Amino acid sequence: HIRRYTKKLQKKIMNQFRADVMSLSRKEGVVLSKLVYREFNMDVYQIITNYRGSFYAFWWQQLSKLYEGDLKSTFDVKENNEDMLIELILQEHVLK
């Protein structure tokens, strides 16, 4: 029952966000991956592994690399200047 529910929920989420995700530029996809890590303290690769298994995580990671992405990207404002800029934008314009 849990597996069937998970697949049903995944299909619903994919249908809801497919157009938005498909229209992202490469850079926007990278930023989205970083924001997922920021929010959940877990990279996209780990999330896929937990919910769909390591085969799917590997497959999506290879696909993302074709488009200059990385599902294992993290978010660290102390070590990465780009992440620091993203955090500043979030603080200034989104999280007010």
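Which helices each supply at least two residues of the lining of the largest pocket? I began with this question, working from a predicted model. I found that α1 (2-22), α2 (26-40), α3 (44-52) and α4 (54-66) each supply at least two residues of that lining.

**Entry 1. The largest pocket**

I looked up the volume and obtained about 1900 Å³ for the largest pocket. I then listed the lining, which consists of 35 residues. Nearest the centre of the pocket I noted M14, V21, L32, V44 and W60. I next asked which helix gives the most to this lining. The helix is α1, with ten residues. Sorting the lining by class, I recorded 21 nonpolar, eight polar and six charged residues.

I kept a general remark beside this entry. Rolling a probe the size of a water molecule over the atoms shows where empty space is left.

**Entry 2. The overall fold**

I turned to the protein as a whole. I counted five helices and zero strands, and the order along the sequence reads α-α-α-α-α. I noted the extent of the C-alpha trace along its principal axes as about 45 × 30 × 25 Å. For the accessible surface I wrote down about 8000 Å², with 59% of it belonging to carbon and sulfur atoms.

How much of the protein is buried? Of the 96 residues, 21% are buried. I also looked up how far apart in sequence the contacting residues are. Among contacts between residues at least 6 apart in sequence, 52% join residues at least 24 apart.

**Entry 3. The largest nonpolar core**

I then asked which residues make up the largest nonpolar core. There are six in all: V36, V44, Y45, I48, A57 and L71. To this core α3 gives the most, with three residues. I set a general remark beside it: in soluble globular proteins, nonpolar side chains tend to be buried together.

V44 caught my attention, as a member of this core that also lies among the residues nearest the centre of the largest pocket. Leaving aside neighbours within four places in sequence, I found V44 in contact with S33, V36 and L71. Of these partners, V36 and L71 belong to the core as well.

**Entry 4. A lysine in α2**

I looked up K34, which has its place in helix α2. Is K34 buried or exposed? K34 has a relative accessible area of 7%, and therefore counts as buried, the cut-off being under 20%. I then listed the contacts of K34, leaving aside neighbours within four places in sequence. They are S73, T74, F75, N80, E82, D83 and I86.

**Entry 5. Two positive phi values**

I recalled first that most residues other than glycine have a negative phi. I then noted N41, which is not a glycine and yet has a positive phi of about 55°. N41 is found in the loop between α2 and α3. The relative accessibility of N41 is 59%, so N41 counts as exposed, which requires a value over 50%.

I entered E68 next. Its phi is near 65°, again a positive value in a residue other than glycine. E68 lies in the loop between α4 and α5 (81-94). I recorded E68 as exposed, at 59% relative accessibility.

**Entry 6. Two distances**

Where does Y56 lie? I located Y56 in helix α4, and at 34% relative accessibility I recorded Y56 as partly exposed. I then looked up the separation of Y56 from T74. The two are 18 residues apart in sequence and 19 Å apart in space, C-alpha to C-alpha. T74 had already appeared in my notes as a contact of K34.

My last entry concerns I13, which is found in helix α1. The relative accessible area of I13 is 41%, so I13 is partly exposed. How far apart in space are I13 and G29? I noted 17 Å, C-alpha to C-alpha, for a separation of 16 residues in sequence.

How values were computed
Residues numbered from 1 in each chain as written. Predicted model: local features only at pLDDT ≥ 70, side-chain atom pairs only at ≥ 80, totals over all residues. Heavy atoms only, no water. 1 Å grid on protein atoms, 1.4 Å probe; cavity = no way out; pocket = protein on both sides within 12 Å on 5 of 7 lines; lining within 4 Å. Points joined across faces, edges and corners; volume = space filled by probe spheres on them. Helix = DSSP H or I, 4+ residues; strand = E, 2+ residues; numbered from the N terminus. Nonpolar A, V, L, I, M, F, W, Y, C, P; charged D, E, K, R; others polar. Buried < 20%, exposed > 50% of the residue type's maximum accessible area, 1.4 Å probe, protein only. Contact = heavy atoms within 4.5 Å. Areas by Shrake-Rupley, 256 points an atom, 1.4 Å probe, with all protein chains shown as cover. Core = buried A, V, L, I, M, F, W, Y, C linked by side-chain atoms within 4.5 Å.
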